[in-house]
Amino acid sequence: MWKRLLQSLYSPVHIARFRFHPIGKAISYVFFLSLIATLPIAIYFTISINKMIGSTHQLLTEELPPFEVVDGVLIANEKEPIEIIRPDVTMLLDSTGTLTTDDVARYTNAVAFLKEEFALVANGHVQSYPYSVMQVERFTNKDVYEFTGTLQSLLPIVISLSFFVLYFFTCTSKFLYVTVLAFIGLIFRGTLNKRGSYRHMWSLSAYSITLATIFFTVMEALQIVVPYAVALDWFVSITILFVSIKELPSVKEAG
């Protein structure tokens, strides 16, 4: 697996040869790449969530005003949103409905109690949960305080579940990416008059995303924001797929 990864970083010739491998190898390779891509996010998420829970536990008792959630709606005496900024986390409380998850997503690490949902931002990645999913008619800030205390002891389980959820979504996006790329490969195959089935194009696409995946994984690990990341990702992968398809035998040569 590692050998194929290294060869896919620089050699379109090797990528073209990988089409002869069983399709199962290409599928397992996408799972492998997804795992690599998930690791930096998971590591930073673990560090962030650990700090955030500790800070949240403290802020709930010392600085955040009393509130309660009744029938899925946040109720507080505050007339405008409250923002408490600390080095590890920003705490937001808004019973007015002014803030949305898009507003919360601007923070690197944040815990937000919004009008109808709870939002968590860890290392720039936001997740939101409606209060209604908790299936509790009423709870207060004291209940949340007790819950965060319990959460600290359950942190390994929480982090493990979060990692598997993150890995699942990464795998899903990668498989969709490769599938779309394979259809683009069919267009290149016809334009270049090359041989190869859709299965071959899918295998080539799976290995063609290697360079872009590793590049953005390194950037994520270094916490470097790449401008136009999506466009650059597609451009690099499509380019490598194109030059790999050029290495395939042509229809005329085969005849």
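This is a short tour of a predicted model, going from its domains to its two sheets and then to a pocket.

**Stop 1: the domains**

Colour residues 1-46 and 157-247 as domain 1, then give 56-154 another colour as domain 2. Domain 1 comes in two pieces of sequence, 1-46 + 157-247. If you put a pseudo-atom at the C-alpha centre of each domain, the two centres are 37 Å apart. Where the domains touch, the contact takes seven residues from domain 1 and six residues from domain 2.

**Stop 2: the five-stranded sheet**

Switch to cartoon and look for the open sheet with strand order E3-E4-E5-E6-E7. Its pairing is mixed. Which strands sit at the edges? Select 82-85 for E3 and 125-130 for E7: each of these pairs on one side only. From one strand to the next, the twist averages 10°.

Now bring in helix H3, residues 23-62. H3 packs on this sheet and touches E3, E4 (90-93), E5, E6 and E7. Its direction makes about 125° with that of E6.

Next, zoom in on 110-113 and 117-122, which are E5 and E6. They pair in the antiparallel sense over four bridges. Show Val-111 as sticks and look across to E6, where Leu-120 stands opposite. When you turn on more sticks, keep in mind that side chains in a regular strand alternate between the two faces of the sheet.

Stay with E6 and move over to E7. How many bridges join E6 to E7? There are six, and the two strands run antiparallel. Pick Val-121 and you'll find Val-126 of E7 opposite. E6 and E7 make a hairpin with two residues between them. Click on Asn-123 in that turn and check its backbone: phi is positive, at about 55°.

**Stop 3: the three-stranded sheet**

Select 73-75 and 138-140, which give you E2 and E8, the edge strands of another open sheet. The order here is E2-E1-E8, with antiparallel pairing. Both E2 and E8 pair on one side only. Ignoring direction, neighbouring strands in this sheet are turned by 25° against each other on average.

For a closer look, add 68-70, which is E1; three bridges pair E1 with E2 in the antiparallel sense. Val-69 is a handy marker, as Leu-74 in E2 stands opposite.

**Stop 4: the second largest pocket**

Finish with a surface view. The second largest pocket has a volume of about 680 Å³. Which residues lie nearest its centre? Select Ile-41, Phe-216, Thr-217, Glu-220 and Ala-229, which belong to a lining of 24 residues. The elements giving two or more residues to that lining are H3 (23-62), H6 (155-192), H8 (210-221) and H9 (229-245). H8 supplies the largest share, with five residues.

Try colouring the lining by class: you should get eleven nonpolar, ten polar and three charged residues. Then go back to the domain colours from the first stop. At least three lining residues come from each of domain 1 and domain 2, so keep both domains displayed while you look around this pocket.

Terms used:
Residues are numbered from 1 along each chain as its sequence is written. This is a predicted model: local features need pLDDT of at least 70, side-chain atom pairs count only at pLDDT 80 or more; totals for chains, interfaces and linings use all residues. Side-chain values use heavy atoms; hydrogens and water are left out. On a 1 Å grid over the protein atoms alone, a cavity is a set of points where a 1.4 Å probe fits but cannot get out, and a pocket is an open set with protein on both sides within 12 Å along at least five of seven lines; lining residues have an atom within 4 Å of a point. Grid points are joined across faces, edges and corners, and a volume is the space filled by probe spheres set on the points. Ala, Val, Leu, Ile, Met, Phe, Trp, Tyr, Cys and Pro count as nonpolar, Asp, Glu, Lys and Arg as charged, and the others, Gly among them, as polar. Domain bounds come from an automatic or database domain assignment. Two strands pair if DSSP finds at least two bridges between them. Axes are lines fitted to C-alpha atoms, for helices over the stretch in contact, and angles run from 0 to 180 degrees between N-to-C directions. Contact means heavy atoms within 4.5 Å.
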